Amino acid sequence: MPGFWGKTRTTLEMIKWEHSIFALPFALTATILAAKGIPSLRTIAWILVAMVAARSCAMAFNRWADADIDAANPRTRTRAIPAGQLSRGFVLGFTILCAAIFVSAAASLNRLTLYLSPAVLLVLLSYSYMKRFTRWSHLVLGLALGLAPSAAWVAVRGSLDPRILVLTATVMLWVGGFDVLYACQDYEHDRSAGLHSLPQAIGIPNAFLAARAMHVLMLVLLVCFGFLFQFHVAGWLGVAAVGLLLAYEHSLVSPGDLRRLNAAFFTMNGVIAIVFFVFVAADLWLRGRA
């Protein structure tokens, strides 16, 4: 049992399960908009299970697929598999378990979520190989997280509304932009290892410009999303807050200074996601009382 609990703790550390907070608030935003309020606790519970299982599956598979790459990178060689804390077989088994839990959760929601679950898994798992072929892997990662609000909408409604795809595109650009910044840390390694990324392809200064462009376009889409769902004052305050927080996030790092990248990447993006959900929830609640 000590070995089991030790491996469990190491696995949770490996997949950074706490970073589920990135996509979860956007999924919950879609959930309350689809239900026009709070759906049943059963629906919320299965959405949460599906979200955590899907992300855990994707992260574990990424660590399994990138084990050799991680071992060669000074920044990542202390991860669980290269460091010998977990075997590749154990991590692959954990990946399969999480995939099974995700499909089971999808089946417990409705028929359409079950039918779409293999396609979602394909996107989630394919990201791990994109850096071997294209500089645009950042957007594939963005799409993987961006599927969360659309999937949550389908979980509640049993159908897909084209309006929610705007939020999917918004999250895709948001995640893609900050993943471009994060990839700047591996610029030298990616060049020597023949891996693809936007920083490796166009240089770190231009990668910063690309990330900012993605986030500007993200805000444009977020405004469109507000109009599509007829935001009132609270909703628009949420959009404004996201814009201000993104500006602050970009102020934390520069092409010549990546020291505060973890603060920009992890802390601020978690805050952005939560703040947006809180303001949209407040907007929906105030509209219901009017």
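Contact is taken here to mean that heavy atoms lie within 4.5 Å. In the predicted model, V120 is in contact by this criterion with F102 and L147, once its neighbours within four places in sequence are left aside. V120 belongs to helix 6, which spans residues 111–130, and its relative accessible area of 19% falls under the 20% limit, so that V120 counts as buried. Although F102 stands 18 residues from V120 along the chain, the C-alpha atoms of the two are separated by 10.0 Å.

The setting for these contacts is a protein chain with 13 helices and 0 strands, its elements following one another from the N terminus as α-α-α-α-α-α-α-α-α-α-α-α-α. The radius of gyration of the protein chain is 19 Å, close to the 19 Å that the globule rule gives for 290 residues, and the chain is therefore as compact as a globular protein of that length. Along the principal axes, the C-alpha atoms fill a box of roughly 60 × 45 × 35 Å. Of the 290 residues, 51% count as buried, and among contacts between residues at least 6 apart in sequence, 73% join residues at least 24 apart. The accessible surface of the protein chain amounts to about 13,400 Å², with 68% of this area belonging to carbon and sulfur atoms. As to charge, the chain carries 23 positive and 13 negative charges, and the mean positions of the two sets are 7 Å apart.

Aromatic side chains were examined next. A pair of aromatic rings is described by the distance of the centres and the angle of the planes. With ring centres required to lie within 6.5 Å, the count comes to 11 aromatic pairs. In one of these pairs, the rings of F225 and F229 have their centres 4.7 Å apart and their planes at 45°; this angle lies between the limits of 30 and 60 degrees, and the pair is therefore classed as tilted. Both F225 and F229 are buried. The two residues also take part in a cluster, in which ring pairs link F26, W153, W174, F178, F225, F227, F229, F231, W236 and F276.

Two further helix residues differ in their exposure. T43, in helix 3 (residues 41–65), is buried, with a relative accessible area of 14%. When residues up to four places away in sequence are not counted, T43 touches L109, A155 and V156. V233, by contrast, is found in helix 12 (residues 233–251) and counts as exposed at 62% relative accessibility, a value over the 50% limit. V233 and C98 are 135 residues apart in sequence, and their C-alpha atoms lie 40 Å apart in space.

Backbone geometry was considered for two loop residues. Most residues other than glycine have a negative phi. K36, however, has a phi near 55°, a positive value in a residue other than glycine. K36 is found in the loop between helix 2 (24–35) and helix 3, and at 69% relative accessibility K36 counts as exposed. For Q230, phi is likewise near 55° and thus positive in a residue other than glycine. Q230 is placed in the loop between helix 11 (204–228) and helix 12, where, at 57% relative accessibility, Q230 also counts as exposed.

Methods. Residues are numbered from 1 along each chain as its sequence is written. This is a predicted model: local features need pLDDT of at least 70, side-chain atom pairs count only at pLDDT 80 or more; totals for chains, interfaces and linings use all residues. Side-chain values use heavy atoms; hydrogens and water are left out. Helices (H or I, at least four residues) and strands (E, at least two) are DSSP runs, numbered from the N terminus. The radius of gyration is taken over C-alpha atoms; the globule rule is 2.2 Å times the number of residues to the power 0.38. Buried means under 20% relative accessible area, exposed over 50%, partly exposed in between (1.4 Å probe, protein chains only). Accessible areas come from the Shrake-Rupley method with a 1.4 Å probe; for residues, only the protein chains shown count as cover. Lys and Arg count as positive and Asp and Glu as negative; His and the chain ends are not counted. The place of a charge is taken as NZ of Lys, CZ of Arg, CG of Asp or CD of Glu. Rings of Phe, Tyr and Trp (its six-membered ring) pair if their centres lie within 6.5 Å; planes under 30 degrees apart count as stacked, over 60 as edge-to-face and the rest as tilted.
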